[in-house]
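You asked for a quick read-through of this model, so here are my notes. Have the sequence and the 3D view open while you go through them.

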Amino acid sequence: TFIGDLLVTLVSPAGSSVVLHQRAGGSADNLIKTFSAANTPGLQTLRGQQIQGAWKLKVADLDAIDVGKLNRWALKITPLG
């Protein structure tokens, strides 16, 4: 799918949501990106929350014409330095 069709949201075990990608990139293919506090300020809202539990990545294709697939994702939580 085109990355401009995608809405990608990270959901913490506490249920807090942070939008990581919101329909940017137009007709480019393959959203391959590392999201960090430096390039995704919304991640700061998760600071201080419990890290144990089920984290979810929600990916929605908001255009009905084509389809895509999620090949893989990972979550790496690093302590503040």
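Where is Ser 36 found? Ser 36 sits in the loop between β2 and β3. Before going on, keep in mind that this is a predicted model.

1. **More on Ser 36.** Ser 36 counts as partly exposed, because its relative accessibility is 28%, and the class between buried and exposed starts at 20% and ends at 50%. For a sense of spacing, look across to Gln 49: the two residues are 13 apart along the chain, and their C-alpha atoms are separated by 16 Å.

2. **The overall layout.** If you go looking for helices, you'll find 0 in the protein chain, against 3 strands. Read from the N terminus on, the elements run β-β-β. The C-alpha atoms fill a box of roughly 40 × 25 × 20 Å along the principal axes.

3. **Inside and outside.** The protein chain has 81 residues, and 20% of them count as buried. The exposed surface comes to about 6,000 Å², with carbon and sulfur atoms supplying 53% of that area. As for contacts between residues at least 6 apart in sequence, 57% join residues at least 24 apart.

4. **Charges.** The protein chain carries 8 positive and 5 negative side chains. Take the centre of each set, and the two centres lie 17 Å apart.

5. **How the strands pair.** Start with β1, which covers residues 6-11. β1 is joined to β2 by 5 bridges, and the two run antiparallel. β1 is also joined to β3 by 6 bridges, and that pair runs antiparallel too. So which residues of β1 are buried, and how many? The count is 5 of its 6 residues, so β1 is largely enclosed by the rest of the structure.

6. **The hairpin.** β1 and β2 form a hairpin, with 5 residues between the strands. In the turn, check Gly 15, which has a positive phi of about 95 degrees. Two bridge pairs are handy for finding your way along these strands: Val 8 has His 21 of β2 as its partner, while Leu 10 is paired with Val 18. Leu 10 is worth a second look, as it also stands opposite Leu 57 in β3.

7. **Thr 9.** This residue is found in β1 as well. Is Thr 9 buried or exposed? Thr 9 counts as buried, because its relative accessibility is 12%, and the cut-off for buried is under 20%. Leaving out residues up to four places away in sequence, Thr 9 touches Ser 17, Val 18, Val 19 and Leu 20, along with Lys 56, Leu 57 and Lys 58.

8. **The nonpolar core.** Which residues make up the largest nonpolar core? There are 9 in all: Ile 3, Leu 6, Val 8, Leu 10, Val 18, Leu 20, Leu 43, Leu 46 and Trp 55. The elements giving two or more residues to this core are β1 and β2, the latter spanning 17-22. β1 gives the most, with 3 residues. As background, nonpolar side chains tend to be buried together in soluble globular proteins.

9. **Trp 55.** Trp 55 is one of the core residues, and its list of contacts makes a good tour of the model. Not counting residues up to four places away in sequence, Trp 55 touches Leu 10, Val 11, Ser 12 and Pro 13, then Leu 46 and Gln 50, and finally Trp 73, Leu 75 and Ile 77.

10. **Asn 30.** Like the residue we began with, Asn 30 is found in the loop between β2 and β3. Its phi is near 60 degrees, a positive value in a residue other than glycine. For context, most residues other than glycine have a negative phi. Asn 30 counts as exposed, because its relative accessibility is 62%, and the cut-off for exposed is over 50%.

11. **Asn 71.** Asn 71 belongs to the segment after β3, the strand that covers 56-61. Asn 71 is exposed, with a relative accessible area of 60%. Asn 71 and Asn 30 are 41 residues apart in sequence, yet 9.9 Å apart in space, C-alpha to C-alpha.

Terms used
Residues are numbered from 1 along each chain as its sequence is written. This is a predicted model: local features need pLDDT of at least 70, side-chain atom pairs count only at pLDDT 80 or more; totals for chains, interfaces and linings use all residues. Side-chain values use heavy atoms; hydrogens and water are left out. Helices (H or I, at least four residues) and strands (E, at least two) are DSSP runs, numbered from the N terminus. Buried means under 20% relative accessible area, exposed over 50%, partly exposed in between (1.4 Å probe, protein chains only). Contact means heavy atoms within 4.5 Å. Accessible areas come from the Shrake-Rupley method with a 1.4 Å probe; for residues, only the protein chains shown count as cover. Lys and Arg count as positive and Asp and Glu as negative; His and the chain ends are not counted. The place of a charge is taken as NZ of Lys, CZ of Arg, CG of Asp or CD of Glu. A nonpolar core is a set of buried Ala, Val, Leu, Ile, Met, Phe, Trp, Tyr and Cys residues joined through side-chain atoms within 4.5 Å. Two strands pair if DSSP finds at least two bridges between them.
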